[in-house]
Amino acid sequence: MNVWIAIGATTAGCYAVKLTGLLVPAGVLDRPLVKRLAALLPVALLAALTAQQTFADRHGLVLDARAAGLAAAAVALLLRAPFLVVVAAAVVVTAGVRALAG
Amino acid sequence: MGLSGVAFGVTAAGSGLDVVQTCALSLLVFTGASQFALVGALAAGGNPLTAAAGAFFLGVRNAFYGLRLSQVLALPRRVRPFAAQWVIDETTAVTLAQPGRRSARIGFTVTGLTLYVLWNLTTLLGVLGAGALGDTDAWGLDAAGPAVFLALLAPMLRTATERAVAGLAVLLGLGLLPVLPAGVPVLLAALAAPGVLWLEGRRRGAPDRGPVGADPRGEDR
């Protein structure tokens, strides 16, 4: 049930912001500070989410195979690898480190 | 985005969502980063509304895409509720690259339709594939989510401001994790964005406190 509540709220919220952009007159949101904030908000959220999903488990912070996987993804990004290769590098290295650690 | 639907399907399955819930998210939400954020927060045991709030804030950027698009596309009002679902990163990039209104409308429609079909088909493929794999963690698939976030984040880190926001957000997100309920630290980490902007504004407002010998012409660009 909880999952459906989350799906419903996300659907409503994400659709509302998409439609808002198409409906409001230009100029209402078109201010330098608002635009700047809108560009930086995803940066903050994505950075926090990347860190949490790499170093968090249910009890707190841990350093495990995922960190090695994310490092591999970072190297792939520096080498300008395509999106799927970046994700695949993280998955393969994480699985490899887990298999080696047994 | 089309191909990463597989990654989303697999991640959602690994987060404990079933096939119907996963496909409902791709059909109804249709904005990748928000979907990844939501299933990640749910997997971490977050409250459903807190989890949805994180996904919502990631989706706010689409409102600004819509602003640009509505000027270029000039859609009739009754069409806008239908077009809205396709207002995402990729359709915006394609539409804004077109030379005229006609090609912009064609670009928006073709990209929107293609990506919508692809994203949903690949989501289904991913979630069914994950079911066949069994324990997705053993295959390292729990690393797919953070890798997707990193891949989305990397091209955004162009200037020192973006890097400062990202660094502060990581500190807030990890530092608050042990003391606050799941999902809340990410929302507070979002405050890194207005925080850094505020600090930047203060620095600009008080040039006499800037670094000695700094070129004044470098300010206020």
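Domain bounds, as I use the term today, come from an automatic or database domain assignment. For chain B, that assignment gives domain 1, residues 1–136, and domain 2, residues 157–207. Please keep in mind throughout that we are looking at a predicted model.

Let me begin with chain B as a whole. Its secondary structure consists of 12 helices and zero strands. The C-alpha trace of chain B spans about 65 × 50 × 25 Å along its principal axes. Of its 221 residues, 48% count as buried. If we take the contacts in chain B between residues at least 6 apart in sequence, 67% of them join residues at least 24 apart.

I return now to the two domains. Their C-alpha centres lie 26 Å apart. Where they meet, 10 residues of domain 1 of chain B are in contact with seven residues of domain 2 of chain B. Which element supplies the largest share of the domain 1 side? That is helix α4 of chain B, residues 48–59, which contributes five residues. By character, the domain 1 side divides into five nonpolar residues, five polar and no charged.

The next topic is the interface between the chains. Here 80 residues of chain B are in contact with 61 residues of chain A. On the chain B side, the residues divide into 60 nonpolar, 16 polar and four charged.

One helix pair across this interface deserves a closer description. Helix α1 of chain A, residues 2–23, packs with helix α5 of chain B, residues 61–73, at an angle of about 30°, and their axes are 7 Å apart. Angles under 35 degrees count as roughly parallel, and α1(A) is therefore roughly parallel to α5(B). The crossing of these two helices is right-handed. From α1(A), the contact is made by A:Val17, A:Lys18, A:Thr20, A:Gly21 and A:Leu22. From α5(B), the participants are B:Asn62, B:Ala63, B:Phe64, B:Tyr65, B:Gly66, B:Leu67, B:Leu69 and B:Ser70. Taken by character, the residues of this contact are seven nonpolar, five polar and one charged.

I turn next to helix α9 of chain B, which covers residues 144–153. Why do we describe α9(B) as largely enclosed by the rest of the structure? The reason is that 10 of its 10 residues are buried. Among them are B:Pro146, B:Phe149 and B:Leu153. Both chains take part in the covering of these buried residues. From chain A, the cover includes α2 (32–55), α3 (65–78) and α4 (83–101). From chain B, it includes α1 (4–14), α3 (32–43) and α10 (160–175).

Finally, I would like to draw attention to a single residue, B:Leu141. B:Leu141 is found in the loop between α8, residues 101–133, and α9, residues 144–153, of chain B. Is this loop residue buried or exposed? B:Leu141 has 25 C-beta neighbours inside 10 Å, and because 20 or more suffice, it counts as buried. Leaving aside residues up to four places away in sequence, B:Leu141 touches A:Val91, B:Val10, B:Thr11, B:Gly14 and B:Thr136. Those partners include a residue of chain A, namely A:Val91. As for B:Ala130, it is 11 residues from B:Leu141 in sequence, and the C-alpha to C-alpha separation of the two is 9.1 Å.

That concludes my presentation.

Note on methods:
Residues are numbered from 1 along each chain as its sequence is written. Chains are lettered from A and ligands numbered from 1 in the order in which they are written. This is a predicted model: local features need pLDDT of at least 70, side-chain atom pairs count only at pLDDT 80 or more; totals for chains, interfaces and linings use all residues. Helices (H or I, at least four residues) and strands (E, at least two) are DSSP runs, numbered from the N terminus. A residue is buried if 20 or more other C-beta atoms lie within 10 Å of its own, exposed if 12 or fewer, and partly exposed in between; C-beta atoms are placed from the backbone. Two residues are in contact if their C-beta atoms, placed from the backbone, lie within 7 Å. Axes are lines fitted to C-alpha atoms, for helices over the stretch in contact, and angles run from 0 to 180 degrees between N-to-C directions. Angles under 35 degrees count as roughly parallel, over 145 as roughly antiparallel, 65 to 115 as roughly perpendicular and the rest as oblique. A crossing is left-handed if the near helix is turned anticlockwise from the far one by less than a right angle, and right-handed if clockwise. Ala, Val, Leu, Ile, Met, Phe, Trp, Tyr, Cys and Pro count as nonpolar, Asp, Glu, Lys and Arg as charged, and the others, Gly among them, as polar.
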